[in-house]
Amino acid sequence: MKKLIQTLKNIWSIEELRSKIVYTLLLLLVYRVGSHIVLPGVDPNGLEQLNSKAKEGILGIFDSFAGGAFSSASIFALGIMPYISASIFMQLMSILVPQLQKMQKEGESGRKKINQWTRYLTVIVTIFQASAYVTYLKSPEIAGAAIIPSFTSFFWLSTTIVLTAGTLFVMWLGERITDKGLGNGTSLIIMIGILARFPASIAAEFTAKSGSAGGGLLKFTIEIAILIAIVMGLIILVQGVRKIAINYAKQIVGNRQFGGARQFLPIKVNSAGVMPIIFAQAIMFLPTLLTGFNATKGIAATLSDHGNIWYMVVYSILVIGFTFLYTALIFNPKQIADNLKQNNGFIPGVQPGQPTADYIGHIMDRITLPGAVFLAIVGILPGIAKNLGVSSGFSTFFGGTSLLIMVGVILDTLQQIETHLLMRQYDGLMKGGKIQGRQTVSSSAI
């Protein structure tokens, strides 16, 4: 406890770090305040049906990313997700399209062009999703009574404009946090939206379990213990690496010797990060989106209920498939082998060139499979928890994208804080080892 207090004092004593933390907290506060401002033309007192419907199934997951703004018909109802979708699309296109690959290698100017195109794509995605959300709001069985009659004639236009402006403002907040604050702004906005529902969810679960028919406090304590164990497992998944020994040939230039050192090539067990889960949820969310968020019948109803067995099966297959696909897109053993050869590096017992690429690729395939299976298990844990009696709201914290993003973002932010401390010769946040943040490709897109 004494070391923790001293570490907090060290963090606060660094002026640059202190200003970054305060700036980040202020912008996150602006986002949370905006999440409680209701759309023009909507009566907050008539949103009971929307609140109950939007907190179930896959809509509940979408609402958790928006910090409850989706279910409360806020101006930030769509949150940062349209920007995330556009960023993921542009990231994939940068891998698949040679022209975009060339542009990305141009440096800062190329990245600025890609970022600008991402913003334009965000507007298009937001308009499409806003239209579906308006259809959802106007449905009589959801929240038709919540719309003020005098706004009915131009409700679609005004709501689409406000939701688009709200998403662009949230995107701007995320960029400002990334530039002048602490951590990745987009990731922090998603995380704070998820965490905003945690106190109410755990309080509701405690109330339900403490009742006569809830199973008592023992069951609640077991749930908390299982949740902590899942978090520890996710930390292992996020930070787990397979180290490949690399030797560098000695070079003698004049009287000085270069190289000869032994290093390690770290390959993450979960190189794809949270992307496979996001891709899988995007595919599962399509039927709901095409029906205007009104998932009540057929395939849309099945794929919107994360407690349904068919949902779990399809979801697991998608996660495992996308894990291998995304890993193959972002991880190039041939390029790594060429870089090692150019820098006089080699793997002991393996010939340089193609044999090195085959060796690295073989190891990558072997560690990707257990990582993909574990990631699929994490994705379906909320549905399993729900089927075992955990309330719908609290079950979303037992796994899935929500918990994986929270763990990854917290580790990434703590790593940045630790870097500031070590640069100024303070002790880090841990006595031994160091905190590893998420890989760059994941944090840039999430």
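This is a short dialogue on reading helix packing, salt bridges and burial in a predicted model.

Q: Where do I start, and how many helices and strands are there in the protein chain?
A: Start with the inventory. The protein chain has 19 helices and 5 strands.

Q: What share of the 446 residues counts as buried?
A: The share is 49% of the protein chain.

Q: Among contacts between residues at least 6 apart in sequence, what percentage join residues at least 24 apart?
A: In this protein chain, 72% of those contacts do. Keep that in mind for the pairs below.

Q: How do I read a helix pair, and at what angle do H9 and H18 pack?
A: Take the angle and the axis distance together. Helix H9 covers residues 185–196 and helix H18 covers residues 400–423. They pack at about 125°, and their axes are 9 Å apart. That angle makes H9 oblique to H18.

Q: Why oblique, and not roughly antiparallel?
A: The cut-off decides. Roughly antiparallel requires an angle over 145 degrees, and roughly perpendicular runs from 65 to 115. The H9 and H18 angle is about 125°, so the pair counts as oblique.

Q: Is the crossing of H9 and H18 left-handed or right-handed?
A: The H9 and H18 crossing is left-handed.

Q: Which residues of H9 and H18 meet?
A: On the H9 side they are Ser187, Leu188, Ile190, Met191, Ile194 and Leu195. On the H18 side they are Ser402, Ile405, Met406, Val409, Ile410 and Thr413. By class, this contact has 9 nonpolar and 3 polar residues, with no charged ones.

Q: Is Thr413 of that contact buried or exposed?
A: Thr413 sits in helix H18. Its relative accessibility is 14%, so Thr413 counts as buried. Leaving aside residues up to four places away in sequence, Thr413 touches Leu182 and Leu188.

Q: Now a second pair: how do H5 and H14 pack?
A: Use the same routine. Helix H5 spans residues 81–96 and helix H14 spans residues 309–330. Their angle is about 55°, with the axes 10 Å apart. H5 and H14 are therefore oblique to each other. Their crossing is left-handed.

Q: Which residues of H5 and H14 meet?
A: Gln91, Leu92, Ile95 and Leu96 come from H5. Tyr326, Leu329 and Ile330 come from H14. The contact divides into 6 nonpolar residues, 1 polar residue and no charged residues.

Q: Ala328 also lies in H14. Is Ala328 buried or exposed?
A: Ala328 counts as exposed, because its relative accessibility is 55%. Compare two distances for this residue. Ala328 and Met364 are 36 residues apart in sequence, and their C-alpha atoms are 9.4 Å apart in space.

Q: Turning to charges, how many salt bridges does the count come to?
A: The count comes to 5 salt bridges. For each one, check the N to O distance and then the place of both partners.

Q: What do the side chains of Glu175 and Arg119 form?
A: They meet in a salt bridge, at 3.1 Å from N to O. Glu175 lies in helix H8 (residues 155–180) and Arg119 in helix H7 (residues 108–138), so the pair ties together parts that are 56 residues apart in sequence. Glu175 is buried, with a relative accessible area of 18%. Arg119 counts as partly exposed, at 25% relative accessibility.

Q: Which salt bridges have both partners in one helix, and how far apart are they, starting with Asp179 and Arg176?
A: Asp179 and Arg176 are one such case. Both lie in helix H8, 3 residues apart, about one turn of the helix. Their N to O distance is 2.6 Å. Asp338 and Lys334 are another case, both in helix H15 (residues 333–342) and 4 residues apart. Here the N to O distance is 3.9 Å. Asp338 counts as partly exposed at 28% relative accessibility, and Lys334 does at 38%.

Q: Which residues are linked in a network of salt bridges?
A: Glu205, Lys209 and Glu223 are.

Q: Last, a loop residue: where is Val350?
A: Val350 is in the loop between strand E5 (345–346) and helix H16 (354–387). At 18% relative accessibility, Val350 counts as buried. Not counting residues up to four places away in sequence, Val350 touches Pro355, Thr356 and Tyr359.

Methods:
Residues numbered from 1 in each chain as written. Predicted model: local features only at pLDDT ≥ 70, side-chain atom pairs only at ≥ 80, totals over all residues. Heavy atoms only, no water. Axes fitted to C-alpha atoms, helices over the stretch in contact; angles between N-to-C directions. Helix = DSSP H or I, 4+ residues; strand = E, 2+ residues; numbered from the N terminus. Parallel < 35°, antiparallel > 145°, perpendicular 65-115°, else oblique. Left-handed = near helix turned anticlockwise from the far one by under 90°. Contact = heavy atoms within 4.5 Å. Nonpolar A, V, L, I, M, F, W, Y, C, P; charged D, E, K, R; others polar. Salt bridge = Lys/Arg side-chain N within 4 Å of Asp/Glu carboxyl O. Buried < 20%, exposed > 50% of the residue type's maximum accessible area, 1.4 Å probe, protein only.
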